[in-house]
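Dear colleague,

I am passing on a structure that you have not worked with before. Please look through the sequence and the model first, and then read the notes underneath.

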Amino acid sequence: MRKNVSSPSPFEDVVGYSRAVRVGDSAWVAGTTATVDGEVAGVGDAYEQARVAFGIALEGLGTTGLGTEHVVRTRMYVTDIADFDAVGRAHKEIFDAVRPVATMVQVVALARPEHLVEVEIEARIARSGWRGRLGA
């Protein structure tokens with residue numbers, strides 16, 4: 001079973017991608033920025049951009065039937081690694097109870113010059129067999 005989820009982003013048709021895809025027990029959310037109604041939210045504020053981007057990404061994940069509790073991996077792309085603390089704080093506020101594996105890397109640029117952060121999410125519903133063995 002495969003479910004593709006779209007968003008209002010005009011880039012989906014231009015590039016040929018989906019906001020999120022679910023296959024079986026797993027789901028992936030495409031790179032997501034803090035772009036709301038065509039405008040970048042939190043210009044100049046990496047914390048706010050991370051918070052908004054994760055919110056949009058989790059909204060996309062929710063349309064696949066999975067939620068924050070299913071997140072197993074996050075990736076954060078920043079244009080300045082000096083924003084590590086601010087972006088990390090936003091991540092912790094959202095995912096502290098789940099504690100997914102996480103990666104943050106600095107990149108040269110994102111789609112728009114105002115973008116400071118782009119995030120990705122991977123999620124999986126744990127089957128009761130191995131989930132129980134992990135103590136979850």
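The notes below go from the overall chain to the sheet, and then to the core.

Please keep in mind that this is a predicted model, in which local features need pLDDT of at least 70 and side-chain atom pairs count only at pLDDT 80 or more, while totals for chains, interfaces and linings use all residues. Residues are numbered from 1 along each chain as its sequence is written, and side-chain values use heavy atoms, with hydrogens and water left out.

The protein chain has four helices and eight strands, where helices (H or I, at least four residues) and strands (E, at least two) are DSSP runs numbered from the N terminus. Read from the N terminus, the order of these elements is β-α-β-β-β-β-α-β-α-β-β-α. Of the 136 residues in the protein chain, 36% count as buried, meaning under 20% relative accessible area with a 1.4 Å probe and protein chains only.

Six of the strands form an open sheet with mixed pairing, in the order β1-β2-β3-β8-β6-β7; two strands are said to pair if DSSP finds at least two bridges between them. At the edges are β1 (2-5) and β7 (101-106), each of which pairs on one side only. Within the sheet, β3 and β8 pair in the antiparallel sense over five bridges, and A27 stands opposite A123 in β8.

Two helices are to be described against this sheet. The helix α2 packs on the sheet and touches β1, β2 (20-23), β3, β6 and β8, contact meaning heavy atoms within 4.5 Å. The direction of α2 makes about 35° with that of β8, where axes are lines fitted to C-alpha atoms, for helices over the stretch in contact, and angles run from 0 to 180 degrees between N-to-C directions. The helix α3, in turn, lies across β6, β7 and β8, and runs at about 160° to β6.

The largest nonpolar core (a set of buried Ala, Val, Leu, Ile, Met, Phe, Trp, Tyr and Cys residues joined through side-chain atoms within 4.5 Å) has 25 residues, of which L61, V87, V117, V119 and I121 touch the most other members. At least two residues of this core come from each of β3 (26-32), α2 (46-62), β6 (71-78), α3 (84-95) and β8 (117-124), and α2 gives the most, with eight residues. Leaving aside residues up to four places away in sequence, V87 touches A46, A50, M76, V78, M104 and V117.

With best regards

Methods: Buried means under 20% relative accessible area, exposed over 50%, partly exposed in between (1.4 Å probe, protein chains only).
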